[in-house]
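User: I am new to this structure and would like to learn how to read its features. Could you take me through them one by one?

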Amino acid sequence: ARLPETALERAPAGTVSTWSNPDSGHSGTVTPVRTYQTSSGQYCREYQQTVVVGGQSQSAYGTACRQPDGTWKIVR
């Protein structure tokens, strides 16, 4: 699932952002938890993600880091 990058870019920590993918029928939420900067100056955010697949909700934590071109890449 591709993260809604506006949630990672702009949403304050603790703000729940919802997303849906009409192609796959999947939907969910992303809540940024913590923002930090790596030693190389890259910004990363830990987030909590909920994905609803076939009516089943699955939660996961992850980390995404902002790439030089402005996109966010999931690193774990």
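User: How many salt bridges does the count come to?

Analyst: A salt bridge is a side-chain nitrogen of Lys or Arg within 4 Å of a carboxyl oxygen of Asp or Glu. In this predicted model, the count by this rule comes to three salt bridges.

User: Which side chain meets Glu-9 in a salt bridge?

Analyst: The partner of Glu-9 is Arg-66, with N and O 3.0 Å apart. This pair links distant parts of the chain, since Glu-9 belongs to helix α1 (residues 5-10) and Arg-66 to strand β4 (residues 56-66), 57 residues apart.

User: Are Arg-66 and Glu-9 buried, partly exposed or exposed?

Analyst: The reading rests on relative accessible area: under 20% is buried, over 50% is exposed, and partly exposed lies in between. Arg-66 has 32% relative accessibility, so Arg-66 counts as partly exposed. Glu-9 has 35%, so Glu-9 also counts as partly exposed.

User: What does the side chain of Arg-34 meet in a salt bridge?

Analyst: Arg-34 pairs with Glu-46, at 2.9 Å from N to O. Here too the pair links distant parts of the chain: Arg-34 is in strand β2 (residues 26-37) and Glu-46 is in strand β3 (residues 43-53), twelve residues apart. Arg-34 has a relative accessible area of 42% and is therefore partly exposed.

User: Which other side chain does Glu-46 meet, and at what distance?

Analyst: Glu-46 also forms a salt bridge with Arg-76, at 4.0 Å from N to O. The two are 30 residues apart, with Glu-46 in strand β3 and Arg-76 in the segment after β5 (72-74), and this pair again links distant parts of the chain. The relative accessible area of Arg-76 is 61%, so Arg-76 is exposed. Taken together, Arg-34, Glu-46 and Arg-76 are linked in a network of salt bridges.

User: How far apart are the mean positions of the positive and negative charges?

Analyst: For this feature, the charges of each sign are reduced to a mean position. The protein has 7 positive and 5 negative charges, and their mean positions are 6 Å apart.

User: How many helices and strands are there, and what pattern do they follow along the sequence?

Analyst: There are one helix and five strands. Read along the sequence, the pattern is α-β-β-β-β-β. The radius of gyration is 13 Å, close to the 11 Å that the globule rule gives for 76 residues, so the protein is as compact as a globular protein of that length. Along the principal axes, the C-alpha atoms fill a box of roughly 40 × 25 × 20 Å.

User: What share of the residues is buried?

Analyst: Buried residues make up 30% of the 76 residues. The accessible surface comes to about 4900 Å², and 48% of that surface belongs to carbon and sulfur atoms.

User: Is Thr-63 buried or exposed, and what does Thr-63 touch?

Analyst: Thr-63 lies in strand β4. Its relative accessible area is 1%, so Thr-63 is buried. Leaving out residues up to four places away in sequence, Thr-63 touches several residues, among them Tyr-36, Cys-44, Tyr-47, Lys-73 and Val-75. Glu-46 and Arg-76 are also among the residues that Thr-63 touches.

User: Where is Ala-60, and which residues does Ala-60 touch?

Analyst: Ala-60 is also placed in strand β4. With 40% relative accessibility, Ala-60 counts as partly exposed. Not counting residues up to four places away in sequence, Ala-60 touches Tyr-47, Gln-48 and Gln-49. Ala-60 and Thr-38 are 22 residues apart in sequence, and their C-alpha atoms are 22 Å apart in space.

User: Where are Gly-54 and Gly-55?

Analyst: Gly-54 is in the loop between β3 and β4. Gly-55 lies in the loop between β3 and β4 as well. Gly-54 has a relative accessible area of 77%, so Gly-54 is exposed. Gly-55, at 68% relative accessibility, also counts as exposed.

User: What distances separate Gly-54 from Val-30 and Gly-55 from Ser-27?

Analyst: Separation along the chain and separation in space are read as two values. Gly-54 and Val-30 are 24 residues apart along the chain, with 18 Å between their C-alpha atoms. Gly-55 and Ser-27 are 28 residues apart in sequence, with 9.8 Å from C-alpha to C-alpha.

User: What share of contacts joins residues 24 or more positions apart?

Analyst: Among contacts with a separation of 6 or more, residues 24 or more positions apart account for 29%.

Conventions. Residues numbered from 1 in each chain as written. Predicted model: local features only at pLDDT ≥ 70, side-chain atom pairs only at ≥ 80, totals over all residues. Heavy atoms only, no water. Helix = DSSP H or I, 4+ residues; strand = E, 2+ residues; numbered from the N terminus. Rg over C-alpha atoms; globule rule 2.2 N^0.38 Å. Buried < 20%, exposed > 50% of the residue type's maximum accessible area, 1.4 Å probe, protein only. Contact = heavy atoms within 4.5 Å. Areas by Shrake-Rupley, 256 points an atom, 1.4 Å probe, with all protein chains shown as cover. Lys, Arg positive; Asp, Glu negative; His and termini not counted. Charge placed at Lys NZ, Arg CZ, Asp CG, Glu CD.
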